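Work through the exercises below with the structure open. Try each task before reading its solution.

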Protein chains: 2
Amino acid sequence: MDVSTPSAVNGHAPAAKAATIRDVAERAQVSVASVSRVLNGSDAITESTRRRVLDAVEYLRYVPHVGARSLSTSRTDTIGVILPDLYGEFFSELIRGMDLAARAHGKHLIVSSSHGDTEETLAALRSMRGRVDGMIVLSPHLRAANLAADVAGRMPVVLMNGGLDEAGRPSIAIDNHGAAVTAVEHLRATGRRRIAHIRGAAGNLEADIRAEGYASALVDQEPIIVEGDFTQAAGHRAATRLLALDQRPDAVFAANDMMALGAMLAFQEAGVRCPEDVAVIGFDDVPLAALVRPTLTTLRVNIAEMGRRGVERLIGLVQAGPNGAPDSACEIVRPLLVERQSTAAAETAGSTTVNPTAQPL
Amino acid sequence: MDVSTPSAVNGHAPAAKAATIRDVAERAQVSVASVSRVLNGSDAITESTRRRVLDAVEYLRYVPHVGARSLSTSRTDTIGVILPDLYGEFFSELIRGMDLAARAHGKHLIVSSSHGDTEETLAALRSMRGRVDGMIVLSPHLRAANLAADVAGRMPVVLMNGGLDEAGRPSIAIDNHGAAVTAVEHLRATGRRRIAHIRGAAGNLEADIRAEGYASALVDQEPIIVEGDFTQAAGHRAATRLLALDQRPDAVFAANDMMALGAMLAFQEAGVRCPEDVAVIGFDDVPLAALVRPTLTTLRVNIAEMGRRGVERLIGLVQAGPNGAPDSACEIVRPLLVERQSTAAAETAGSTTVNPTAQPL
DNA sequence: CTGTTAGCGCTTTCAG
DNA sequence: CTGAAAGCGCTAACAG
């Protein structure tokens, strides 16, 4: 052993260049096939061969080249995720859930954001060819998502884009319509009779469905819908417009929590009390919802769980292979109503004068 | 053309199996080499060849197989990121910044979390071999990070683990010590004389350095340190313990914003006013910091920007190649003091009776 | 049980 | 300007 080589000191080969399976075979005096076998724990192998191989691996610090491996096995053990964006709690929770599930199955995750652009979605998808075994596509636009599924060709794809009408494609979607109805009904049940809606970005599928659900659940009133884009600032602006109305609403259903929070802030600034003067309900149940005062009633979506399910669904498809039973089901996630202070019943609300001097967090 | 094949209708080949470069060559009546040339825009190519190739590509919906390509070019155009966790705003912001930078340079991102475990960190690192051109490693433990850099062998690695003493390795770190000193000095400048510290998890490098910086900046007082773990709940517990002290502190420096918020909540519940009775300063400047009341003074770290810098640094290393000028610099990010209400000067604080009835968000 | 060998899909000399 | 052929590192028959 050439002790003059620095790294030879700790019994390792100089790592000028990463060792290949051939180097290992050579050093262990066996064929590459045997090395491969040992490393993949496949066949029966003589204990002595195994030892020699493992020693060589150790000595050379050999790490199999996944790229090469997947080229020959045509498996990558990686799943691709295409998101419209990476900003905000929704996506980070989703990724976390997916990562957890992926790890549990020994898969890798490769994430790409498309910035909501259909072209970019497709570009991202293409660039994943040969890099992943399957994909999960989130897109606020039905078209992009479906297109993506087409482009993918034989690669399994799970759609998670909020639409329920993914006929023929494996997908997971939130029951946006049903949840919106639940929101309105809850507001009515707590005594509100003039309910407004701050909707999400135009053209966004989920926003459309929630708005539609809202409208369909109204009783004795016309829809009062103001545009938003899922940001807190938009919620603030929308609420300001609502306040300027001749007939102010006594309740607001915001298409997500961040807008609900923005609206609450606007109300507060205007001296309009929540929930006494106006009730507010959000959607998502971001952690923040329980931290503000009044705490925010909302429709909880277990995002990480959705991510997990998406991954497991996809893994199922991958394992089934192209000849597996065709999976065309749309799994539905039903948001859960979480009642908090912001929609406390109108009649009892007035008496909720708990420690008015406290500095709410 | 076989019009009976469904997809032949829109002028495409049946996509039973993804087309390879050979299929394209065959259909275009050229060699695979020419196809490769056209696709890589390399050599000069006859216009007619180019056309034929592009037509074939279009017809076959050919997408190059990145895995195969990288096997022969030994480039992957992908950078790997190993994080201790994926939970919370810090990491999502970091990933967002990294993604932005990666996209800007036409690179992909592959993220893996190690759950803080050194073994897992190494495993993740190994599994990235051949999949990435370089890595960014975040680890709260110096050891894991350094080990990782070793294991990586010839692969460029940028460390982002909070330690400043990464002698000999390219790295990016927050000036935790300096920022902690700034926090203490700010508290003193606003009249506080008995400053406590809620520290981060034991064994966490950043937590250690912040605590040390805190202690070093004290004047005329002994350190008052209570343990935390970066969660809001820990901040709450820690504050409760501080309140039980014989001599209550008149200021608290929490090692991050979430703990600061938890502490504020605890103070509020105990009827202790902030900032009048006790000032609170956090670290990070999460969005929430500006939304609570009182708004939270904190040390802002531009996380997305850090992510961007990490990626660009790594890309630089990758392009420089193994023979590039050795880069052993530690880039330092200095947090910025953002003064808000939670540390308003003691003497003026009393008069800040702005609209006490407002429902703070 | 182990070695030989033919690819996986692509890039890249090296000759025409 | 274009084609033939040699790999990149690994796996998986197929023989021994």
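The exercises cover the DNA contacts and then the aromatic rings.

This is a predicted model, where local features need pLDDT of at least 70, side-chain atom pairs count only at pLDDT 80 or more, and totals for chains, interfaces and linings use all residues. Residues are numbered from 1 along each chain as its sequence is written, and side-chain values use heavy atoms, without hydrogens and water.

**Exercise 1.** Describe the protein surface near DNA strand D.

Solution. Start with the residues that have a heavy atom within 4 Å of the strand. There are 25 around DNA strand D, and A:Ile21, A:Tyr62, B:Arg37, B:Thr46 and B:Thr49 come nearest. On the DNA side, sugar and phosphate make up 67% of the strand D atoms that come within 4 Å of the protein. Next, sort the residues by class: ten are nonpolar, eleven polar and four charged.

**Exercise 2.** Find backbone polar contacts (N or O pairs within 3.5 Å) to DNA strand D.

Solution. Take A:His65: a backbone N or O atom lies 3.0 Å from a phosphate oxygen of strand D. Move to A:Ala68, whose backbone N or O atom is 3.2 Å from a base nitrogen. In chain B, a polar backbone atom of B:Ser72 lies 3.3 Å from a base oxygen.

**Exercise 3.** Classify the ring pair A:Phe90 and A:Phe91.

Solution. Rings pair if their centres lie within 6.5 Å; planes under 30 degrees apart are stacked, over 60 edge-to-face, the rest tilted. The centres of A:Phe90 and A:Phe91 are 5.3 Å apart and the planes at 85 degrees, so the pair is edge-to-face.

Technical notes:
Chains lettered and ligands numbered in written order. Polar contact = N/O pair within 3.5 Å; in protein donor to acceptor, adjacent residues only side chain to side chain. Nonpolar A, V, L, I, M, F, W, Y, C, P; charged D, E, K, R; others polar. Phe/Tyr/Trp six-rings, centres within 6.5 Å; stacked < 30°, edge-to-face > 60°.
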